[in-house]
Amino acid sequence: MTEDYREMWTHLGLDLDAHDALLGVLGGAYQDIFLSQKNRPEGMKYFDFVMSEVHGLRIKELLDEKKAGRKIVGSYCVFVPEEIVLAAGATLVGLCSGADFATPEVEKLLPRNTCALIKSSFGFKLGKVCPYLESADMIVGENTCDGKKKAYESLGHLVKNLYVMDLPQVKSDQGRALLKSEYQRFRTAMEALTGAAVTSESLKQAIQTVNAKRAAIHRLSILRKADPAPISGLDALLANQVFFYDNPARFTDSVNQICDELEKRIAEKKGVFPAGTPRILVSGCPQAVPNWKLPFIVETSGAVIVGEESCVGERGARNLTDASGETVDEMMDAIVDRYYQVDCAIFTPNPQRLEHIQEMVATYRADGVIHYGLQFCQPYLMESFPIEKALEEKKIPTLRIETDYSMEDVGQLKTRIEAFIEQLR
Ligand code: BJ8
């Protein structure tokens, strides 16, 4: 941190000792995992800075926005449309949920066999260590998997201003109509929160801002198809994680600058690993910051990750919103169309996800797929079996793993992943 932010954290009600401990672990892990990598693009220095200030400067910026009358909205899912939040004059931040915290306290409220992501969101609240959560004027939950929708009933007693969005489980005319009516309801709630109406001008501007951010991260993704890979999977995942809480315009510029650098690297055939390194696509549950366990194991075992079929990755960021509408209604329809394509495993049936995985394998020239399932995540673990079968039938080697945020299984995972990489050579 470049400044002392303790007064700010105290004002937010954080537990300073617990928070110091969290930042210590986070800083140490970042040092060991990211800064020890070789041949990193220069542009990653921006993300190193963002990470060093993740609870400092960025929080100060958000609090300055609040002082100027802007509202902050926190979310746990890529179904919460940033376009509507921005158009109503508020700022959206993702609430990360990528590390275990205060687990004994969490298990007094949630069953032990709840996925690590949900437990983490409770742990950050109960442990009083997340300045994003404490800065938020509204927290948006969503009825996606059973775990989340029931957990929000309990979370509603812990946080002020929880808003729960209903979501369809089936892609049908009725499903689309539900999504549309829920986005209209959300727009009304956002207007009530900020006191500002969503206008055709503000919505168009917001769509363009979010499209630019998604286009930049997609540009970075596409560059990963080069061999040698110009950027590690770890660094690309980090950019996808920062996507959720950085200032959108600054993030877009920074990612585009990295892409300019990567294009030069590709022209010079310069990569992070030698050409011919086995290439892996990761598919499955979101890897929220600071969950770097899988890519660290893979990329210290002789392979490179070339894509993430994940909500912290291409499932969340692909597809732009058509910005050509002239009225608020037309643009709201375009937003519904864009989000309706998100192929989360909570949908049944969900054939688009398998198609997207196969498409990504071809685009990024992956030699194999690791299906990443969080323990107790029924939607993704259930889908992992038919996905493995379908990919293997197409001669795409696939490894299904089931894990959590603890480090207990690292040795065992490394052994399995090394054997899988051997098979790809
Ligand atoms: S659109 S993937 S961000 S819901 S890992 S909590 S599914 S039991 S996170 Fe998600 Fe939105 Fe879907 Fe994406 Fe449940 Fe599974 Fe836990 Fe999960």
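**Exercise 1. Work out which residues of helix 3 (residues 44–52) are buried and what covers them.**

Step 1: Helices, which are DSSP runs of H or I with at least four residues, and strands, which are runs of E with at least two, are numbered from the N terminus. This is a predicted model, in which local features need pLDDT of at least 70 and side-chain atom pairs count only at pLDDT 80 or more, while totals for chains, interfaces and linings use all residues. Residues are numbered from 1 along each chain as its sequence is written, and side-chain values use heavy atoms, with hydrogens and water left out.

Step 2: Buried means under 20% relative accessible area, exposed means over 50%, and partly exposed lies in between, with a 1.4 Å probe and protein chains only. By this rule the buried residues of helix 3 are Met44, Tyr46, Phe47, Asp48, Val50 and Met51.

Step 3: With contact meaning heavy atoms within 4.5 Å, the cover over these buried residues includes helix 2 (16–33), helix 12 (233–242) and helix 13 (248–267).

**Exercise 2. Describe the surroundings of Thr277, in the loop between helix 13 and strand 5 (279–284).**

Step 1: Thr277 has a relative accessible area of 12% and is therefore buried.

Step 2: A polar atom of the Thr277 side chain lies 2.6 Å from the backbone oxygen of Pro274.

Step 3: Once neighbours within four places in sequence are left aside, Thr277 is in contact with Gly302, Ala303, Val304 and Asp367.

**Exercise 3. Do the same for Thr403, in strand 8 (residues 398–403).**

Step 1: Thr403 counts as buried because its relative accessibility is 3%.

Step 2: The side chains of Thr403 and Asp409 are joined by a polar contact of 2.6 Å; such a contact is a pair of N or O atoms within 3.5 Å, where within protein one must be able to donate a hydrogen and the other to accept it, and residues adjacent in sequence count only if both atoms are side-chain atoms.

Step 3: Beyond neighbours within four places in sequence, Thr403 has contacts that include Lys293, Tyr372, Gly373 and Leu413.

**Exercise 4. Place these details in the whole protein chain.**

Step 1: The protein chain has 19 helices and eight strands. Its radius of gyration is 21 Å, close to the 22 Å that the globule rule gives for 425 residues, so the protein chain is as compact as a globular protein of that length; the radius is taken over C-alpha atoms, and the rule is 2.2 Å times the number of residues to the power 0.38.

Step 2: Of the 425 residues, 58% count as buried.
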